[in-house]
Amino acid sequence: MTGPVEFLGPILEMMTWVGFVPGVPLLVWAWIIARRRCTWVTADGERFAAGGYLGLQWVDQDHEERKVLLDVAAKEGGLDSGPVVVHYDACHPSRCALEPPRYDHTVLILGWILTGIGILSTLGGIVLLAL
């Protein structure tokens, strides 16, 4: 008669490999993505209407004046000019927005989940060996 130790051992070993083999490279990939990402900086700017479109102008951290037209028609965003907070990419200042950027952390989360499964399976295998 087989006990739980005999059928849990191979399952835990398989789950260790299933967790570690894709999980650790995903964590490395997420770290590389985070290191290569440019930082976004905020600046006080002004909204203006130009040719039926909305535009933003601000002074960046290098003290250069930047002007960008948005893809929004002036009627949709309102024709009023006024001060706004501009969020822009420090490496590529033409990439700007009125809202702070939202980063996708799917690779990082998936890497942590799979690596956690691998760690828990390894610890379970060690406990199983001690029994």
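Trp58 and Tyr88 are both buried. In this predicted model, the two residues form the one aromatic pair that the structure holds. Their ring centres lie 5.5 Å apart, and the planes meet at 35°. That makes the pair tilted. Trp58 belongs to strand S2, while Tyr88 belongs to strand S4, so the pair ties together parts that are 30 residues apart in sequence.

Now widen the view. Which residues make up the largest nonpolar core? There are 11 of them: Val41, Ala43, Leu54, Leu56, Trp58, Val68, Leu70, Val84, Val86, Tyr88 and Cys96. Trp58 and Tyr88 are thus members of this core. Four strands each supply at least two of its residues: S1, S2 (53–59), S3 (65–73) and S4. In soluble globular proteins, nonpolar side chains tend to be buried together.

Look at strand S4 next. It covers residues 82–89. Is S4 mostly covered or mostly open? It is mostly covered, with 6 of its 8 residues buried. Strand S4 pairs with strand S1, which spans residues 40–50. The two run antiparallel and share 8 bridges. In one of these bridges, Gly45 is matched with Val84 of S4. Strand S4 also pairs with strand S5, residues 96–97. Here, too, the sense is antiparallel, with 2 bridges. His87 has Ala97 of S5 as its bridge partner. S4 and S5 form a hairpin, and 6 residues lie between them.

His87 deserves a closer look. The residue sits in strand S4. His87 is buried, because its relative accessible area of 12% falls under the 20% limit. What does His87 touch, leaving out residues up to four places away in sequence? Its contacts are Trp40, Val41, Thr42, Arg95, Cys96, Ala97, Leu98, Glu99 and Pro100. Two of these, Val41 and Cys96, also appear in the core. Ala97, another contact, is the bridge partner already named.

Move along strand S4 to Asp89. How accessible is Asp89? It is buried, with a relative accessible area of 2%. Setting aside neighbours within four places in sequence, Asp89 is in contact with Cys38, Thr39, Trp40 and Arg95. Trp40 and Arg95 are also among the contacts of His87. In a regular strand the side chains alternate between the two faces of the sheet.

Past the strand comes Ala90, in the loop between S4 and S5. Ala90 is partly exposed, with a relative accessible area of 26%. Leaving out neighbours within four places in sequence, its contacts are Thr39, Val41 and Gln61. Thr39 is among the contacts of Asp89 as well. How far is Ala90 from Gln57? The residues are 33 places apart along the chain, and their C-alpha atoms are separated by 15 Å.

The loop between S4 and S5 also holds Cys91. This residue is part of the structure's 1 disulfide. Its partner is Cys38, and the two sulfur atoms are 2.1 Å apart. The angle about the S-S bond is -100°, and the link is left-handed. What does this bond tie together? Cys38 lies in the loop between helix H1 (4–36) and S1, so the link joins parts that are 53 residues apart in sequence. The two ends have their own settings. Cys38 is buried, at 19% relative accessible area, whereas Cys91 is partly exposed, at 45%.

Why does Cys96 not join in? The closest cysteine sulfur is that of Cys91, and it is 15 Å away, which is too far for a bond. A disulfide needs sulfur atoms within 2.5 Å. Cys96 is buried, with a relative accessible area of 16%. Cys96 is instead one of the core residues.

Two further features complete the tour. The charged end of Arg37 sits over the ring of Tyr103, 4.1 Å from the ring's centre. Then there is His63, in the loop between S2 and S3. Is His63 buried or exposed? His63 is exposed, with a relative accessible area of 70%. Its phi is positive, about 65°, although His63 is not a glycine.

Key. Residues are numbered from 1 along each chain as its sequence is written. This is a predicted model: local features need pLDDT of at least 70, side-chain atom pairs count only at pLDDT 80 or more; totals for chains, interfaces and linings use all residues. Side-chain values use heavy atoms; hydrogens and water are left out. Buried means under 20% relative accessible area, exposed over 50%, partly exposed in between (1.4 Å probe, protein chains only). Two strands pair if DSSP finds at least two bridges between them. A nonpolar core is a set of buried Ala, Val, Leu, Ile, Met, Phe, Trp, Tyr and Cys residues joined through side-chain atoms within 4.5 Å. Contact means heavy atoms within 4.5 Å. Rings of Phe, Tyr and Trp (its six-membered ring) pair if their centres lie within 6.5 Å; planes under 30 degrees apart count as stacked, over 60 as edge-to-face and the rest as tilted. A charge sits over a ring if NZ of Lys or CZ of Arg is within 6 Å of the ring centre and within 35 degrees of the ring normal.
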